[in-house]
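Student: Hi! Could you walk me through this one?
Tutor: Happy to, let's bring it up.

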Amino acid sequence: MMNQNQTNGTNTENVEYERFNSDGTKKGTSKEKKTSGKILLFLIVAALIIVGANSIVITKENQYKLVRQFGRVERVNAQAGLSFKIPFIESIDIIPNQLLLYDLPASDVITSDKKSMIVDSYVLWQINDPLVFAQTLSCSVSNAERRIDTIVYNATKNTISNMKQDEVIMSRDGKMTITVNETESDVISNDLELPTETKEVIDIKSLTEEIMEQIGHIESQYGIEIVTVEVKKLDLPDDNKQAVYTRMISERENIAAQYTAEGKSQAKMIENTTDKEVAIMISDAQARAEATIAEGEAEYMRILSAAYSDPEKTDFYSFVRAMDALEESMNGKNKTIILSDDSPIAQIFNGKY
(Lines give C-alpha, C1' and ligand atoms only; values in the text may rest on other atoms or scores of the structure.)
Protein backbone atom coordinates (compact mmCIF):
# COMPACT_ATOMS: atom_id res chain seq x y z
CA MET A 1 0.00 0.00 0.00
CA MET A 2 2.75 2.40 0.88
CA ASN A 3 4.66 1.82 -2.39
CA GLN A 4 1.51 2.34 -4.38
CA ASN A 5 0.80 5.64 -2.65
CA GLN A 6 4.36 6.76 -3.17
CA THR A 7 4.15 5.89 -6.81
CA ASN A 8 0.86 7.77 -7.21
CA GLY A 9 2.36 10.71 -5.37
CA THR A 10 5.28 10.86 -7.82
CA ASN A 11 2.97 10.83 -10.83
CA THR A 12 0.86 13.57 -9.31
CA GLU A 13 3.88 15.85 -9.00
CA ASN A 14 4.67 15.53 -12.83
CA VAL A 15 1.15 16.39 -13.99
CA GLU A 16 0.60 19.95 -15.30
CA TYR A 17 -2.86 21.33 -14.95
CA GLU A 18 -4.42 22.73 -18.14
CA ARG A 19 -6.40 25.97 -18.13
CA PHE A 20 -9.75 26.37 -19.85
CA ASN A 21 -11.81 29.37 -20.76
CA SER A 22 -15.31 29.88 -19.28
CA ASP A 23 -16.84 28.38 -22.42
CA GLY A 24 -14.79 25.22 -22.01
CA THR A 25 -12.19 25.95 -24.77
CA LYS A 26 -8.52 25.50 -24.07
CA LYS A 27 -6.72 28.70 -23.08
CA GLY A 28 -3.34 29.20 -24.93
CA THR A 29 -0.14 30.27 -23.33
CA SER A 30 1.70 33.54 -24.17
CA LYS A 31 4.43 31.62 -26.01
CA GLU A 32 1.92 30.11 -28.40
CA LYS A 33 0.40 33.53 -29.04
CA LYS A 34 3.79 34.96 -30.09
CA THR A 35 4.44 32.06 -32.49
CA SER A 36 1.05 32.49 -34.13
CA GLY A 37 1.71 36.21 -34.60
CA LYS A 38 5.04 35.60 -36.32
CA ILE A 39 3.49 33.07 -38.70
CA LEU A 40 0.72 35.49 -39.59
CA LEU A 41 3.20 38.30 -40.19
CA PHE A 42 5.33 36.02 -42.39
CA LEU A 43 2.29 35.04 -44.44
CA ILE A 44 1.32 38.67 -44.90
CA VAL A 45 4.83 39.66 -46.00
CA ALA A 46 5.04 36.69 -48.39
CA ALA A 47 1.68 37.60 -49.90
CA LEU A 48 2.81 41.20 -50.39
CA ILE A 49 6.03 40.02 -52.07
CA ILE A 50 4.13 37.72 -54.40
CA VAL A 51 1.63 40.42 -55.28
CA GLY A 52 4.40 42.96 -55.84
CA ALA A 53 6.40 40.56 -57.97
CA ASN A 54 3.33 39.89 -60.12
CA SER A 55 2.70 43.61 -60.46
CA ILE A 56 6.13 44.63 -61.82
CA VAL A 57 6.94 44.37 -65.54
CA ILE A 58 10.60 44.80 -66.59
CA THR A 59 11.06 45.41 -70.33
CA LYS A 60 14.59 44.91 -71.77
CA GLU A 61 16.12 46.62 -74.79
CA ASN A 62 15.69 43.56 -77.01
CA GLN A 63 12.12 42.76 -75.97
CA TYR A 64 8.51 43.66 -76.51
CA LYS A 65 6.21 43.01 -73.53
CA LEU A 66 2.56 42.36 -74.39
CA VAL A 67 0.19 42.80 -71.44
CA ARG A 68 -2.92 40.59 -71.74
CA GLN A 69 -6.08 40.69 -69.68
CA PHE A 70 -8.16 37.54 -69.98
CA GLY A 71 -6.39 36.70 -73.25
CA ARG A 72 -6.86 40.08 -74.91
CA VAL A 73 -3.86 42.32 -75.52
CA GLU A 74 -4.38 45.50 -73.49
CA ARG A 75 -1.12 47.30 -74.27
CA VAL A 76 2.37 46.82 -75.66
CA ASN A 77 5.52 47.89 -73.81
CA ALA A 78 8.00 48.72 -76.54
CA GLN A 79 10.31 50.97 -74.51
CA ALA A 80 12.85 49.50 -72.13
CA GLY A 81 12.11 50.21 -68.47
CA LEU A 82 9.87 49.40 -65.52
CA SER A 83 6.07 49.30 -65.63
CA PHE A 84 3.21 47.72 -63.68
CA LYS A 85 0.26 45.41 -64.28
CA ILE A 86 -2.69 44.08 -62.32
CA PRO A 87 -1.46 40.93 -60.55
CA PHE A 88 -3.15 37.59 -61.28
CA ILE A 89 -5.46 39.31 -63.81
CA GLU A 90 -3.03 40.53 -66.44
CA SER A 91 -0.39 38.25 -67.96
CA ILE A 92 2.76 38.94 -69.99
CA ASP A 93 3.96 37.66 -73.40
CA ILE A 94 7.55 38.28 -74.48
CA ILE A 95 8.44 38.98 -78.14
CA PRO A 96 12.02 39.62 -79.39
CA ASN A 97 12.78 43.17 -80.46
CA GLN A 98 16.00 42.62 -82.43
CA LEU A 99 17.35 41.49 -85.79
CA LEU A 100 16.81 37.74 -86.14
CA LEU A 101 18.55 35.20 -88.36
CA TYR A 102 16.77 32.32 -90.03
CA ASP A 103 18.81 29.81 -92.01
CA LEU A 104 16.63 28.31 -94.73
CA PRO A 105 17.15 24.67 -95.68
CA ALA A 106 18.75 24.08 -99.09
CA SER A 107 16.15 23.62 -101.83
CA ASP A 108 16.05 22.66 -105.51
CA VAL A 109 14.94 25.19 -108.14
CA ILE A 110 14.65 25.00 -111.93
CA THR A 111 15.98 27.74 -114.24
CA SER A 112 14.25 28.91 -117.41
CA ASP A 113 16.56 26.72 -119.52
CA LYS A 114 15.47 23.65 -117.48
CA LYS A 115 18.64 23.39 -115.38
CA SER A 116 18.34 22.23 -111.79
CA MET A 117 20.20 24.19 -109.11
CA ILE A 118 20.47 23.94 -105.32
CA VAL A 119 20.02 27.24 -103.48
CA ASP A 120 21.14 27.62 -99.86
CA SER A 121 20.25 31.00 -98.32
CA TYR A 122 19.49 32.79 -95.07
CA VAL A 123 17.12 35.58 -94.03
CA LEU A 124 17.57 38.55 -91.71
CA TRP A 125 14.21 39.63 -90.31
CA GLN A 126 12.65 41.52 -87.41
CA ILE A 127 9.28 42.19 -85.78
CA ASN A 128 8.05 45.73 -86.41
CA ASP A 129 4.41 45.41 -85.29
CA PRO A 130 4.18 43.22 -82.17
CA LEU A 131 0.39 43.52 -81.94
CA VAL A 132 -0.19 42.17 -85.46
CA PHE A 133 2.50 39.57 -84.85
CA ALA A 134 0.65 38.38 -81.73
CA GLN A 135 -2.73 38.31 -83.48
CA THR A 136 -1.57 36.46 -86.62
CA LEU A 137 1.28 34.28 -85.40
CA SER A 138 0.42 33.81 -81.71
CA CYS A 139 3.70 35.43 -80.57
CA SER A 140 5.57 32.40 -81.94
CA VAL A 141 8.93 32.86 -83.65
CA SER A 142 8.65 29.31 -85.00
CA ASN A 143 5.37 30.18 -86.72
CA ALA A 144 7.02 33.25 -88.23
CA GLU A 145 9.96 31.22 -89.52
CA ARG A 146 7.59 28.74 -91.19
CA ARG A 147 5.84 31.62 -92.97
CA ILE A 148 9.19 33.16 -93.95
CA ASP A 149 10.37 29.80 -95.28
CA THR A 150 7.34 29.55 -97.57
CA ILE A 151 7.49 33.17 -98.72
CA VAL A 152 11.22 33.22 -99.48
CA TYR A 153 11.18 29.83 -101.19
CA ASN A 154 8.35 30.90 -103.50
CA ALA A 155 10.10 34.19 -104.27
CA THR A 156 13.40 32.42 -104.99
CA LYS A 157 11.70 29.84 -107.19
CA ASN A 158 9.81 32.48 -109.19
CA THR A 159 12.95 34.58 -109.62
CA ILE A 160 15.25 31.79 -110.78
CA SER A 161 12.59 30.18 -112.98
CA ASN A 162 12.63 33.37 -115.09
CA MET A 163 16.43 33.37 -115.48
CA LYS A 164 18.89 31.18 -117.32
CA GLN A 165 21.55 29.33 -115.40
CA ASP A 166 24.31 31.64 -116.62
CA GLU A 167 22.27 34.69 -115.64
CA VAL A 168 21.70 33.28 -112.15
CA ILE A 169 25.43 32.73 -111.69
CA MET A 170 26.37 36.16 -113.07
CA SER A 171 23.80 37.96 -110.90
CA ARG A 172 25.12 36.31 -107.74
CA ASP A 173 27.14 39.38 -106.67
CA GLY A 174 25.40 42.05 -108.75
CA LYS A 175 28.33 42.60 -111.15
CA MET A 176 29.02 41.36 -114.66
CA THR A 177 32.21 41.48 -116.72
CA ILE A 178 31.72 42.21 -120.41
CA THR A 179 34.19 42.40 -123.31
CA VAL A 180 34.23 45.65 -125.31
CA ASN A 181 35.83 45.84 -128.77
CA GLU A 182 37.65 49.10 -129.46
CA THR A 183 39.75 50.31 -132.41
CA GLU A 184 43.29 51.47 -131.80
CA SER A 185 44.18 55.00 -132.88
CA ASP A 186 47.60 53.84 -134.11
CA VAL A 187 47.23 51.46 -137.03
CA ILE A 188 49.77 49.67 -139.15
CA SER A 189 48.41 50.97 -142.44
CA ASN A 190 45.55 53.01 -143.74
CA ASP A 191 43.78 49.89 -144.96
CA LEU A 192 43.88 47.83 -141.72
CA GLU A 193 42.60 48.75 -138.27
CA LEU A 194 43.24 46.43 -135.36
CA PRO A 195 40.38 45.95 -132.85
CA THR A 196 41.37 45.54 -129.23
CA GLU A 197 39.34 43.87 -126.46
CA THR A 198 38.95 45.45 -123.03
CA LYS A 199 37.22 44.07 -119.94
CA GLU A 200 34.58 46.27 -118.33
CA VAL A 201 32.68 45.55 -115.09
CA ILE A 202 29.13 46.87 -114.97
CA ASP A 203 26.56 46.82 -112.18
CA ILE A 204 23.49 44.66 -112.69
CA LYS A 205 20.55 43.77 -110.51
CA SER A 206 21.71 41.19 -107.99
CA LEU A 207 19.92 37.96 -107.15
CA THR A 208 19.06 39.35 -103.71
CA GLU A 209 17.37 42.38 -105.25
CA GLU A 210 15.39 40.17 -107.61
CA ILE A 211 14.18 38.00 -104.73
CA MET A 212 13.33 41.00 -102.55
CA GLU A 213 11.17 42.43 -105.34
CA GLN A 214 9.25 39.15 -105.43
CA ILE A 215 8.72 39.19 -101.66
CA GLY A 216 7.27 42.69 -101.43
CA HIS A 217 6.00 44.05 -98.12
CA ILE A 218 4.39 41.66 -95.62
CA GLU A 219 4.36 43.91 -92.54
CA SER A 220 0.63 44.45 -92.82
CA GLN A 221 -0.02 40.71 -92.86
CA TYR A 222 2.18 39.37 -90.09
CA GLY A 223 3.80 42.38 -88.44
CA ILE A 224 7.30 41.36 -89.53
CA GLU A 225 9.88 42.77 -91.94
CA ILE A 226 12.32 40.77 -94.06
CA VAL A 227 15.43 42.94 -94.11
CA THR A 228 17.42 40.92 -96.64
CA VAL A 229 17.75 37.51 -98.26
CA GLU A 230 21.32 36.41 -98.92
CA VAL A 231 22.30 33.39 -101.01
CA LYS A 232 25.11 31.48 -99.31
CA LYS A 233 25.66 28.88 -102.01
CA LEU A 234 24.54 28.04 -105.53
CA ASP A 235 25.32 24.48 -106.49
CA LEU A 236 24.34 21.74 -108.88
CA PRO A 237 22.74 18.41 -107.97
CA ASP A 238 25.23 15.59 -107.64
CA ASP A 239 23.57 13.48 -110.32
CA ASN A 240 24.11 15.99 -113.15
CA LYS A 241 27.05 18.01 -111.80
CA GLN A 242 29.63 16.11 -113.84
CA ALA A 243 27.53 16.37 -117.01
CA VAL A 244 27.20 20.13 -116.56
CA TYR A 245 30.92 20.47 -115.93
CA THR A 246 31.65 18.50 -119.09
CA ARG A 247 29.28 20.69 -121.11
CA MET A 248 30.80 23.85 -119.65
CA ILE A 249 34.32 22.63 -120.51
CA SER A 250 33.19 21.86 -124.07
CA GLU A 251 31.62 25.30 -124.43
CA ARG A 252 34.76 26.99 -123.13
CA GLU A 253 36.89 24.93 -125.53
CA ASN A 254 34.68 26.01 -128.43
CA ILE A 255 34.98 29.64 -127.38
CA ALA A 256 38.75 29.24 -127.06
CA ALA A 257 38.93 27.66 -130.52
CA GLN A 258 36.90 30.53 -131.96
CA TYR A 259 39.21 33.09 -130.35
CA THR A 260 42.23 31.19 -131.62
CA ALA A 261 40.87 31.11 -135.17
CA GLU A 262 40.07 34.81 -135.07
CA GLY A 263 43.53 35.53 -133.70
CA LYS A 264 45.20 33.48 -136.45
CA SER A 265 43.11 35.24 -139.08
CA GLN A 266 44.07 38.66 -137.78
CA ALA A 267 47.71 37.55 -137.48
CA LYS A 268 47.70 36.39 -141.13
CA MET A 269 46.19 39.69 -142.24
CA ILE A 270 48.81 41.60 -140.29
CA GLU A 271 51.61 39.38 -141.68
CA ASN A 272 50.44 39.77 -145.29
CA THR A 273 50.09 43.52 -144.90
CA THR A 274 53.51 43.76 -143.28
CA ASP A 275 55.16 41.62 -145.99
CA LYS A 276 53.57 43.78 -148.66
CA GLU A 277 54.75 46.98 -147.02
CA VAL A 278 58.24 45.55 -146.48
CA ALA A 279 58.48 44.49 -150.13
CA ILE A 280 57.37 47.96 -151.23
CA MET A 281 59.85 49.60 -148.89
CA ILE A 282 62.71 47.34 -150.11
CA SER A 283 61.81 48.01 -153.75
CA ASP A 284 61.74 51.74 -153.13
CA ALA A 285 65.05 51.56 -151.26
CA GLN A 286 66.69 49.56 -154.06
CA ALA A 287 65.41 51.99 -156.65
CA ARG A 288 66.76 54.91 -154.65
CA ALA A 289 70.06 53.05 -154.17
CA GLU A 290 70.41 52.35 -157.91
CA ALA A 291 69.65 55.96 -158.66
CA THR A 292 72.21 57.09 -156.09
CA ILE A 293 74.85 54.68 -157.48
CA ALA A 294 74.17 55.88 -160.99
CA GLU A 295 74.45 59.48 -159.87
CA GLY A 296 77.70 58.63 -158.04
CA GLU A 297 79.23 56.91 -161.07
CA ALA A 298 78.23 59.78 -163.29
CA GLU A 299 79.78 62.20 -160.86
CA TYR A 300 82.87 59.96 -160.71
CA MET A 301 83.24 59.94 -164.45
CA ARG A 302 82.70 63.67 -164.55
CA ILE A 303 85.42 64.19 -161.95
CA LEU A 304 87.80 61.86 -163.81
CA SER A 305 87.06 63.53 -167.07
CA ALA A 306 87.71 66.89 -165.52
CA ALA A 307 90.86 65.64 -163.82
CA TYR A 308 92.48 64.00 -166.84
CA SER A 309 91.32 66.28 -169.58
CA ASP A 310 94.65 68.13 -169.27
CA PRO A 311 97.41 66.47 -171.45
CA GLU A 312 99.90 67.01 -168.73
CA LYS A 313 97.94 64.67 -166.46
CA THR A 314 97.56 61.92 -169.04
CA ASP A 315 100.90 60.34 -168.18
CA PHE A 316 99.97 60.26 -164.51
CA TYR A 317 96.67 58.60 -165.37
CA SER A 318 98.43 55.98 -167.46
CA PHE A 319 100.86 55.36 -164.62
CA VAL A 320 98.02 54.86 -162.08
CA ARG A 321 96.20 52.49 -164.42
CA ALA A 322 99.39 50.50 -164.99
CA MET A 323 99.91 50.17 -161.26
CA ASP A 324 96.35 48.97 -160.85
CA ALA A 325 96.84 46.38 -163.54
CA LEU A 326 100.12 45.28 -161.98
CA GLU A 327 98.42 44.91 -158.61
CA GLU A 328 95.71 42.75 -160.12
CA SER A 329 98.27 40.50 -161.77
CA MET A 330 100.26 39.83 -158.59
CA ASN A 331 98.26 36.93 -157.19
CA GLY A 332 99.50 33.99 -155.15
CA LYS A 333 102.70 33.67 -153.21
CA ASN A 334 105.03 34.47 -156.07
CA LYS A 335 105.36 38.24 -156.25
CA THR A 336 107.96 38.32 -159.08
CA ILE A 337 106.84 39.63 -162.50
CA ILE A 338 108.97 39.36 -165.60
CA LEU A 339 108.15 41.96 -168.22
CA SER A 340 109.50 42.36 -171.73
CA ASP A 341 110.75 45.69 -173.01
CA ASP A 342 107.81 46.12 -175.29
CA SER A 343 105.32 45.53 -172.47
CA PRO A 344 103.15 48.63 -171.78
CA ILE A 345 103.87 48.39 -168.10
CA ALA A 346 107.62 48.10 -168.66
CA GLN A 347 107.48 51.03 -171.03
CA ILE A 348 105.70 53.09 -168.34
CA PHE A 349 108.38 52.26 -165.80
CA ASN A 350 111.10 52.99 -168.42
CA GLY A 351 109.48 56.29 -169.23
CA LYS A 352 108.84 55.36 -172.83
CA TYR A 353 105.06 55.38 -172.81
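Tutor: We'll go through some strand pairings and then one helix residue. This is a predicted model, where local features need pLDDT of at least 70, side-chain atom pairs count only at pLDDT 80 or more, and totals for chains, interfaces and linings use all residues. Residues are numbered from 1 along each chain as its sequence is written, and side-chain values use heavy atoms, with hydrogens and water left out.

Student: Cool. Which strand does β11 pair with, and over how many bridges?
Tutor: Strand β11 (residues 224-235) pairs with β8 in the antiparallel sense, over ten bridges. Strands here are DSSP runs of E with at least two residues, helices are runs of H or I with at least four, and both are numbered from the N terminus. Two strands pair if DSSP finds at least two bridges between them.

Student: What stands opposite L124 there?
Tutor: That's T228 in β11.

Student: And how many bridges join β7 to β8?
Tutor: Four, with β7 (residues 107-110) running antiparallel to β8. D108 stands opposite I118 in β8. The two strands form a hairpin with five residues between them, and K114 in the turn has a positive phi of about 65 degrees.

Student: What about β6 and β8, parallel or antiparallel?
Tutor: Antiparallel: four bridges join β6 (residues 100-103) to β8 (residues 116-127). L100 stands opposite W125 in β8.

Student: Switching topic: where is T159?
Tutor: T159 is in helix α4, which covers residues 141-161.

Student: Why does T159 count as buried?
Tutor: Because its relative accessibility is 3%. Buried means under 20% relative accessible area, exposed over 50%, and partly exposed in between, using a 1.4 Å probe and protein chains only.

Student: Which residues does T159 contact?
Tutor: Leaving aside neighbours within four places in sequence, T159 contacts L207, E210, I211 and Q214. Contact means heavy atoms within 4.5 Å.
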